[in-house]
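Please find below some notes on the model, set out as numbered points that can be checked against the sequence and the coordinates on screen.

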Amino acid sequence: MKDYLVIGAGIAGLSLALGLANRGRQVIVCERSPSIEPVGAGLTLSASARAGLAHLGLGDDIDRLAEPPDPAVVLDWNTGKPLTTRATAKHLWETRRMSRADLQSLLLARLEATGLAELRLGKALAGIEIGAEGAVARFEDGSAIAAAMLFGADGARSSVRASLFGDGSPAFSGRVAWRFVLDHGEAAPLMQGFGATITSGPDDSLTAYTMSQGTQVNCVAITRSHEWAAEGWSERGDPAELAANFAGSHADARAMIAQAAKRPLYRWGLFDRPVAPLWAKGRAVLIGDSAHPVVPFLAFGAGLAIEDAVVLDRALAAHDDPDTAIRAYQAVRIPRARQIQEASRAQALAFDRAGQWDEKAPPPFLDPAIHEYDPVTIPFATDTHAR
Ligand SMILES: Cc1cc2nc3c(=O)[nH]c(=O)nc-3n(C[C@H](O)[C@H](O)[C@H](O)COP(=O)(O)OP(=O)(O)OC[C@H]3O[C@@H](n4cnc5c(N)ncnc54)[C@H](O)[C@@H]3O)c2cc1C
């Protein structure tokens, strides 16, 4: 029997595996994809995620590879006139932006360097059996692995969650995200000299921000849709359909959207589901999006996943009894995930009235309670002196 088995080599699974290996534990990570491809664009790393990654030994790498933010100025939908100034909240300046592929590669390289982890690619989990001594993972290729502890880090459509709790799948939120990347030279004249802008209308929005050391601008449009849009990160979108949604917007926004026709344009549906009421059955434990997918308006999905990984790793180090560790992990993390999920939904609604944001009616992303969280020091109820 293996000691630790992680299902899913995304940000949650790799962060947890690195934490375990850093403490000298042998760990197996099974990933459905046959290879780790550099898919996905920018992730936002909250201050809490940065603290967590530094705890895992990646602080210097993050300082080198991640970029500081340029908080966005909201532009009027019709005229393009700036409606807000750049937010000066301290915690926003402490966030960083990083390519998901870079973060995943960094975690993988560090994990391999420990010599204690084994990554098995092309291993898609089919189901789990829980026993008194741990769990048995059964894979679609017919193989099985028995482990003393199993961690379900297999994302929003988690097979581990389905196998443990059978509580349905995520529901379409009625919103679709579109993404395209422009060269900075072509986008900058459409951004009035700001590093990041949000054009927010009653139904649709366009966020543009500078990335890749100032050489590119990432453009993300959110539109409403009654249609069920596919989930995933690589479906191509129709530029004419996107342009139709922005027909009434200001000239710079329309010009930016028009550029999407010349670039790869991706679209994906935004899905939501409640935070799982329980994150463990026996010695099988959920972590990351499998336990709590969030709509991306607060840009906190990766941050939550890293917080989970660090707290779970600390709980396992602090408690000799795995069941006590699992209880301590859930007690600390479930309220936090609910807080961020609710704030993410509230931020989605706040986007629709972005032009009215001010100090008296701040949007949820400026709430200090969201940002003042440290996964490295937060105490456990049963052990306030956790390592
Ligand atoms: C390909 C991809 C691209 C993304 N791009 C972005 C982006 O550009 N911007 C952004 O904000 N967020 C992006 N995300 C989401 C973001 O990474 C997550 O919301 C967040 O980091 C939480 O990570 P997670 O590890 O919990 O889940 P995920 O990042 O979804 O990782 C889950 C992993 O589990 C694997 N898996 C799923 N099912 C099985 C199974 N049955 N057996 C074995 N393995 C399985 C998946 O292949 C994946 O590698 C992306 C996710 C993926 C998978």
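1. A convenient place to begin is Ala 132, which at 74% relative accessibility counts as exposed. Ala 132 sits in the loop between strand E7 (125-131) and strand E8 (134-139). From Ala 132 to Pro 293 the separation is 161 residues in sequence and 29 Å in space, taken from C-alpha to C-alpha. Please bear in mind throughout that this is a predicted model.

2. On the division of the chain, the assignment gives domain 1 as 2-70 + 95-170 + 273-371 and domain 2 as 171-271. The contact between them draws on 20 residues from domain 1 and 26 residues from domain 2. The C-alpha centres of domain 1 and domain 2 are 27 Å apart.

3. How much area do domain 1 and domain 2 bury between them? The figure is about 1,700 Å², with 53% of it on carbon and sulfur atoms. On the side of domain 1, the residues that lose the most area to domain 2 are Glu 67, Phe 351 and Asp 352, which together make up 28% of what that side buries.

4. The polar side of this interface can be put briefly, since the count of salt bridges between domain 1 and domain 2 is 0, and the rule finds 1 residue pair in polar contact across the interface, with both residues at pLDDT 80 or more. Helix H11 (residues 322-351) gives the most to the side of domain 1 that touches domain 2, with 3 residues.

5. The structure as a whole holds 19 salt bridges, and a few of them deserve a closer look. In one of these, Glu 118 pairs with Arg 120, and the closest N and O atoms are 2.7 Å apart. Glu 118 is partly exposed, with a relative accessible area of 36%, and Arg 120 is also partly exposed, with a relative accessible area of 24%.

6. A salt bridge that links separate stretches of the chain is the one in which the side chains of Asp 183 and Arg 263 meet, at 3.5 Å from N to O. Asp 183 belongs to strand E10 (residues 171-183), whereas Arg 263 lies in the loop between helix H9 (251-259) and strand E14 (266-272), so the pair ties together parts that are 80 residues apart in sequence. With a relative accessibility of 38%, Asp 183 counts as partly exposed, and Arg 263, with a relative accessible area of 27%, is partly exposed as well.

7. The side chains of Arg 283 and Asp 323 also meet in a salt bridge, here at 2.8 Å from N to O. Arg 283 is in the loop between strand E15 (280-281) and E16, and Asp 323 is in helix H11, so this pair ties together parts that are 40 residues apart in sequence. Are the two partners buried or partly exposed? Arg 283 is buried, because its relative accessible area of 19% falls under the 20% cut-off, while Asp 323 is partly exposed, with a relative accessible area of 28%. Elsewhere, Glu 307, Asp 308, Arg 333 and Arg 336 are joined into one network by salt bridges that share partners.

8. Two backbone positions should be checked by eye, and the general background is that most residues other than glycine have a negative phi. Gln 192 has a positive phi, near 55°, and is placed in the loop between helix H7 (184-187) and strand E11 (196-200). Gln 192 is partly exposed, with a relative accessible area of 36%. Ala 299 likewise has a positive phi, near 55°, and is found in the loop between strand E16 (284-286) and helix H10 (301-318). The relative accessible area of Ala 299 is 33%, which means that Ala 299 is partly exposed.

9. A last point concerns the cysteines. How many disulfides does the structure hold? The count is 0. For anyone planning to look at individual cysteines, Cys 30 is buried, with a relative accessible area of 1%, and Cys 219 also counts as buried, at 0% relative accessibility.

How values were computed
Residues are numbered from 1 along each chain as its sequence is written. This is a predicted model: local features need pLDDT of at least 70, side-chain atom pairs count only at pLDDT 80 or more; totals for chains, interfaces and linings use all residues. Side-chain values use heavy atoms; hydrogens and water are left out. A disulfide is a pair of cysteine sulfur atoms within 2.5 Å. Buried means under 20% relative accessible area, exposed over 50%, partly exposed in between (1.4 Å probe, protein chains only). Domain bounds come from an automatic or database domain assignment. Contact means heavy atoms within 4.5 Å. Buried area is the accessible area (1.4 Å probe) that two parts lose on being put together, summed over both. A salt bridge is a side-chain nitrogen of Lys or Arg within 4 Å of a carboxyl oxygen of Asp or Glu. A polar contact is a pair of N or O atoms within 3.5 Å; within protein, one must be able to donate a hydrogen and the other to accept it, and residues adjacent in sequence count only if both atoms are side-chain atoms. Helices (H or I, at least four residues) and strands (E, at least two) are DSSP runs, numbered from the N terminus.
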